[in-house]
Amino acid sequence: MKINRNRTPQGVLKQFSDLIRQRKDIRWLLFWLAGLLGLWLWDSIFLNPLAYELIRSAIVHTFVGASAAVAFSLFIGWSAGIALYFLENGRARSIHLLLMFFLNLIRSIPQIVGLLIGYIILTLLIAFGFLQSPLSQILWMAFVISIFCSLEVLDLVTERIMHFRKSDYFHAMLCCGIKESRIINIEILWKNSLSHLLHKLVSLFGVAILLQCSIDFIISVGLSTDVSLSNFPVTLGSLLAKLDSKQDILALGSMLVEPSYASRILFQHLQGVSVAFVIVFTLLCVFQIADGLVRQYDL
Amino acid sequence: MNMPTFNITIAKHGRNLVHVDDFRIDENKITFLFGESGIGKSLLAKAIYGLLSPDEFTITINGEPYNRYREKEETREIQQSSFFMFQEPSSHLNPLLTIGSQLNEGSLTGRLQDSGILQRLWEMTDAVDMKKMLGIYPKPYRPSGGEKQRFLLAMAFLKIEMMQESIPEHIKTFFVFDEPSGSLDNHFRDVFLSVLFEKFQKRKFTVLLITHDYSIISAVKTAGLNILNDISYKELSLKHNDLTLNNFKSEHYMSWVKIQQESKKTSVPAGARPPLLHVESGLEVFGRRLVISRDRKGGSSCPLEIHPYSMVYLKAASGVGKTTFAKTVMGLIRANHLKIDLNLHGTDITLTEDTPRRFWQSSVWGKQMAITFQHADEALNQNSTVRGTLSGLPAKKSRAENIDRMMNGLFEDSIDEIFLKKKVKYLSGGQKQRLNLFRSLVLDTDIIILDEPLNGLDFESIKRVLSMLKEKQKSGKGILLISHNEEIFDAIVPQENVYYLQASHII
């Protein structure tokens, strides 16, 4: 007896609903996308065009920056993990020690301090005529974030290699003359660690958004009178720091003393509420997606 | 009441795991069920016994949902009157109770004192030693696998005694022994068989004995002379994703072994060519000295030599360190006093514990020597595909042409694009083992080390693997065989190529 797959529209619908019911990660991913779509529709109807354009840009810049930070983290973490493994097992022990020292140095710097340094360098680069386009500025900050986030990828990559290095299949492949770099990159990391890496990258997406919003908010509020972010691409963090956004957030507090004010929140204070909603809602969904991946792949 | 014929389907997560029609176990007979590992023998036996969880599997038996089957009076009768001995002894014993308490639990309470079953299975008369053994809490490495297995056998035999004394003959019985000799050496396997046959002669009952050790047939012929008519051999095989249960002719196996022995007598000796590999005896690893000798008692040590055109067989009792020895010779485990002389394309080189790993990697592994590890499940990347498992092997133009021919020789009709794209974890145990062997055999190395190469294979696959090994031997390769399956390898390896491994603790 074979299990038949129902290809009728009703069957496909049922399979889809089963998938959503069984897979928490997909359920929350769809919920997140639906939430953003709902917000976009609402804002396009009720928000003034100027603020709408600001929010649209802030969301795009933030998500592009976070995605780039995740991609850079993967590349840096994976490369550093491989380099550490081969340097440790090869003859270049001094280079291994030097790399370890450098990585531990990064580990010792608080992330937010590291990002502040990254902004200082960015300002200097702009002053010297480099990184003039908004995209290059976003990618620079994504790179700075990834320097700190990539340590988590590095730890995961190292842990996976160490785990499988003891296994018979690692030795069996070595004894068949298969190159060690292929065993590490393809057999261990690609074929056996993809779900672990996916989970880590989803979590890092949330971390990158939080870090970017935090640092942009801090800088925009103003730690120094010498640095101005007025020419930097707008992000959710910098938009949240704007005076009118802050007033919108404060307006939420008014509901405590005057509950009837709630009806005006979603119309008159849409800019700040939208920004806060995107940040909080995204972080919540990213957490739930990551949790869903843990359950799905028994991580 | 007769055992019915079963049509069984077992699925998990919408994927068909096992489907068999006309699965029938003979009533009041001892049925030996062969078949390659992972094909579904244990799963079917557990399904019939009502042991599988309906929450985990979707099962139908004779068209009925599994819940209804489990609630049937006949199923309950089997569970109450009989015993299911699991394959893995550790999973069956409770680590929080002493062995003695477990042998006195539930319906077995009080039976152990009057029964001499433990003494029979241990061949032991000293009550003090047995008392000490019964006070042990089972842990992964204590007692040994063979001892754990014998405790489970003792439980099963106590249950058989109970059934014979108190359960009316019309009540259905169904005793399942899943790989009962998997952790036993040949001697204790024979002891188990003789106890089983004695009990059976006292009053007949239905037994399903699952195994892939075909050499048990010879032991049965010796121990079960009086009940040969009550013994049947069946083999489960996979054809086009469906299982079929066929009668297996024991004469088929016996005559094949005889032919192998005859052909060994007529085979041409390896000659006086210089050895491909020469390993000095006495290497020290994990606190033990491994000594190689020519006689079973380990009288005088000698080096192990593998010549071109030869098969060498290394024997040792379970737990001595056969696999450790193989891994050491391959340079995977560091050992003291390691001295290996290797003939590398006409040049003799010596490998010791100080030989750097990069030398093994650049000149030995996959180039001069290859090894097949014992457990295919652990030696293969489960998340790789069949094709992926073979990619990355050292390139050689001639090999590509041989791959298809050799694969067809080893896998018969199962080679197609679907098979090549299949993930290793979805292959049967026998297919995994063949793939595991194939990966080493396809290489053009002069020396091939095979650790338990026949593990989990059915009879047809055993024949195919051995014929491929003989082909390799004829082409000038040297093969080192490490196995507990003495009957088959004694039949194909000349006595002068048999070595014994002994271990002694370093003080």
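Helices (H or I, at least four residues) and strands (E, at least two) are DSSP runs, numbered from the N terminus. This is a predicted model, in which local features need pLDDT of at least 70, side-chain atom pairs count only at pLDDT 80 or more, and totals for chains, interfaces and linings use all residues. Residues are numbered from 1 along each chain as its sequence is written, while chains are lettered from A and ligands numbered from 1 in the order in which they are written.

Q: How many helices does the secondary structure of chain A come to?
A: From the N terminus on, each element of chain A is listed as α. Strands number zero in chain A. The count of helices is 12.

Q: What percentage of the residues of chain A count as buried?
A: A residue is buried if 20 or more other C-beta atoms lie within 10 Å of its own, exposed if 12 or fewer, and partly exposed in between, with C-beta atoms placed from the backbone. Chain A has 299 residues. The buried part is 32%.

Q: Is B:Asn62 buried or exposed?
A: B:Asn62 is found in the loop between β4 (58–61) and β5 (64–65) of chain B. Its phi is positive, about 50°, although B:Asn62 is not a glycine. Because B:Asn62 has 10 other C-beta atoms within 10 Å, it counts as exposed.

Q: Which residue in the loop between β12 (283–285) and β13 (288–293) of chain B has a positive phi?
A: Most residues other than glycine have a negative phi. In this loop of chain B, a residue other than glycine has a phi near 50°. That residue is B:Phe286.
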